[in-house]
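Trainee: I am new to this structure and should be grateful for a close look at a single part. Please examine the aromatic rings, and then follow one of them into its surroundings.

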Amino acid sequence: MGNKQQVRINETILGPFERPALQWFAKHMPYWINSDHLTTIGFLGSLCVFAGFGLTTFHPAYAWLACAGFIINWFGDSLDGTLARYRKIERPNYGFFIDHIIDSISIFLIYTGLGLSPYVSLEIALLGVIGYLLMSIYTYLITYIEGVFKISYGKIGPTEVRVFGIMICILIYIFGTFQINVALPFYRSITFFDILIILLSITFFVTFVCSSLKTARILERKDSEKLQ
């Protein structure tokens with residue numbers, strides 16, 4: 001990537017509300033708090049999600065710990081870059097690298113915690129990890145090739161995915177787990193939450209394949225034009 005200037009694309013459903021909120025937080029953030037602190041806070045939030053989902057094995061009320069973790073993760077992960085840009089202290093290469101390394105670990109923790117709960121099979125939860133990381137790989141490749149950092153796809157971005165996670169936490173507390181009988185080779189029954197994660201994973205996979213094919217055609221055309 002070098003020092004290539006990035007163009008950020010973040011057109012999400014919640015963007016019109018999220019961006020002013022982040023600017024307000026950045027403006028009122030104590031000066032002794034910097035972007036590294038916020039990145040750490042975001043990671044601690046993902047640990048809370050992991051612990052909360054895992055502890056629902058003992059009582060569904062621990063889903064509220066996971067819910068709080070999603071909010072903490074949003075606060076730290078979404079605000080670290082905003083604060084750096086507001087204070088004009090960006091470290092584009094270091095910041096991009098650390099932020100997305102932490103994001104990858106956080107996604108693994110969140111889905112693994114869900115897979116360790118009684119509500120989602122670990123195998124199905126790991127499908128969600130794979131789908132999310134495939135989309136991440138696509139995003140990073142486009143950022144490297146085109147200098148365009150696309151955060152949202154179809155008006156859906158990380159914040160909307162976190163809201164989906166919070167909704168799962170609330171549903172876990174209210175309804176608990178219930179089985180749905182199916183005739184699958186490896187499962188005699190799955191939970192309602194298994195189905196939600198399967199649908200989310202399919203969305204990731206389909207978006208990855210369609211976006212990759214579309215981008216490949218565009219890049220092939222651009223490269224062919226250069227050879228003429």
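**Aromatic rings and a helix they reach**

Mentor: In this predicted model, Trp24, Phe25, Trp74 and Phe75 make up one aromatic cluster. Residues are counted from 1 along each chain as its sequence is written, and side-chain values rest on heavy atoms, with hydrogens and water left out. As the model is predicted, local features need pLDDT of at least 70 and side-chain atom pairs count only at pLDDT 80 or more, whereas totals for chains, interfaces and linings use all residues.

Across the whole structure, a search finds 11 aromatic pairs (rings of Phe, Tyr and Trp, the last by its six-membered ring, with centres within 6.5 Å; planes under 30 degrees apart are stacked, over 60 edge-to-face, the rest tilted). One of them joins tryptophan 24 to phenylalanine 25: the centres are 5.5 Å apart, the planes stand at 80°, and the pair is edge-to-face. Phenylalanine 25 has 26% relative accessibility and therefore counts as partly exposed (buried is under 20%, exposed over 50%, with a 1.4 Å probe and protein chains only).

Another pair is formed by tyrosine 119 and phenylalanine 193, whose ring centres are 5.9 Å apart; the planes meet at 85°, so this pair is edge-to-face. Tyrosine 119 belongs to the loop between α4 (92-116) and α5, while phenylalanine 193 belongs to helix α7, so the pair ties together parts 74 residues apart in sequence (helices are DSSP runs of H or I, at least four residues, numbered from the N terminus). Both tyrosine 119 and phenylalanine 193 are buried.

Phenylalanine 193 leads on to α7, whose buried residues also include Asp194, Leu196, Ile197, Leu200, Ser201 and Phe204. Farther along the sequence of α7, Ser211 and Thr215 are buried as well. The 36 residues of α7 should span 52 Å (1.5 Å times one less than the number of residues), and the end C-alpha atoms are 53 Å apart, which agrees.

Helix α7 (residues 192-227) also meets helix α5 (residues 122-146): their axes, lines fitted to C-alpha atoms over the stretch in contact, come within 8 Å and cross at roughly 25°, on a scale from 0 to 180 degrees between N-to-C directions. The two helices α5 and α7 are therefore roughly parallel (under 35 degrees; over 145 is roughly antiparallel, 65 to 115 roughly perpendicular, the rest oblique).
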